[in-house]
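Dear colleague,

I am passing on to you the structure we spoke about, and I would be glad if you could open it beside this message. My notes on what was found follow below.

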Amino acid sequence: MRTILITGPGGSGRTTVAAATALAAARQGTRTLLLGADRDDTLGAALGMRTGPAPASVEPGLTVRRPDPAQGFRDGLAALQDRAASALGLLGATRLDPEELTPLPGADELALLRALRDAALAEAHDLLVVDLPPAPRALALLALPEELRRYLRRLLPPERQAARALRPVLGRLAGVPMPAEALYEAAGRWDLELAAAEAVLADRGTVVRLVAEPGPAGADAVRSAGLGLALRGLRTDLLVANRVLPEDTPADSWLTGPLTQQRKTLEEWHGTYDVRTVAHLGHDPRGTDDLTALAAPGVNPEASPVEWPVTDRLAEDGVLVWNIPLPGAVRDELDLVRRGDDLVVAAGPYRRIVPLPSALRRCTVDGAALRQGTLAVRFTPDPRLWPRER
């Protein structure tokens, strides 16, 4: 299954473009599922119909669904209370009834990730189009599976389960209950669910499509979003320049200024991105006829995978170089920290902890340089760990 994740700065028309993209694919004979993330039914407004948690048919070949984070949160917490009943009883905690539960921050993101994973596992569609939140929230959502799995591995390491037979004895000696088996089983289930969502995001058939209005604000937002996606190792296929004004605008029109800004931004974008333009209809698109008139771009051939290659320069300079593509990065906003077998990379407002390739774990960091949008990190073999030549 192919997956197109659509995001962009707030107010860029990303929801409309997502709906138009899904509609165009369905009319070409592709079984398409359109997922929305907004609590308000903005997706339904674009389609001209109501959408909700239950899958609804827009027309043959196109199904739309908007997950309910409240119901998902209630179901998940109720199940957690069932599994942790003994621990809650020990603490004297009172069980929360479903009617008392309201979604906490982050429930929307978890509900969308769960729907994304379920859609991929069901294999009932050929294409999944996801209307993500605005770019800053979308980047946090896309980072969530990897980050939560890292927290789980630190807090409940799988290797600790090897001592399960000793827990009752240790509990009696210490006089307090040891972590129950159910806790590790729950952690294992969470890790499995997060891994499934992470696999969908990392799949070769998954791409991110950016939507923005050409102009100074749109250019800044695209540059920032592109940097965040590159740091996560996510593939982008297109930049959709939305609400493009007609070139035949009269010279004495008040639109001349915005049109000049659009032309300048589009010229810059064409030199960096694969840009497709969507015209301004003169009104907010509503219904399938307006979505068809947008002529949104269809599904591209599979994008090339994002690679962070390690270059062997031991013979020439005695170093290995890890090349990390970070288009749009600024030297003064970069930071690197080696932490054990991980490298902490900070670029602008974004930060990621990346496991080092096996060869680099036996090296020390020798320096780094940013050239033409690629961060080259140099590693020198550690004589204590590197195999010696005979």
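**A sheet, a helix and a pocket**

Strand β12, which covers residues 342-347, runs antiparallel to β13 and is joined to β13 by six bridges. Please keep in mind while you look at these strands that the model is predicted. If you would like one pair of residues to start from, take V344, whose bridge partner in β13 is I353.

These two strands belong to an open sheet of three strands, in which the order is β11-β12-β13 and the pairing is antiparallel. At the edges lie β11 (334-339) and β13 (350-355), each of which pairs on one side only. On average, and with direction ignored, neighbouring strands of this sheet are turned by 15° against each other. Helix α9, made of residues 216-232, packs on the sheet, where the helix touches β12 and β13, and its direction makes about 15° with that of β13.

The same helix leads us to the second largest pocket, since α9 gives six residues to the lining, the largest share. How much space lies in this pocket? The second largest pocket holds about 460 Å³, and of the 22 residues that line it, G226, T236, T272, Y273 and P327 are the closest to its centre. Besides α9, the elements that give two or more residues to this lining are β7 (236-244) and α10 (256-270). Sorted by class, the lining of the second largest pocket is made up of 13 nonpolar, four polar and five charged residues.

With kind regards

Notes: Residues numbered from 1 in each chain as written. Predicted model: local features only at pLDDT ≥ 70, side-chain atom pairs only at ≥ 80, totals over all residues. Heavy atoms only, no water. Pairing = 2+ DSSP bridges. Helix = DSSP H or I, 4+ residues; strand = E, 2+ residues; numbered from the N terminus. Axes fitted to C-alpha atoms, helices over the stretch in contact; angles between N-to-C directions. Contact = heavy atoms within 4.5 Å. 1 Å grid on protein atoms, 1.4 Å probe; cavity = no way out; pocket = protein on both sides within 12 Å on 5 of 7 lines; lining within 4 Å. Points joined across faces, edges and corners; volume = space filled by probe spheres on them. Nonpolar A, V, L, I, M, F, W, Y, C, P; charged D, E, K, R; others polar.
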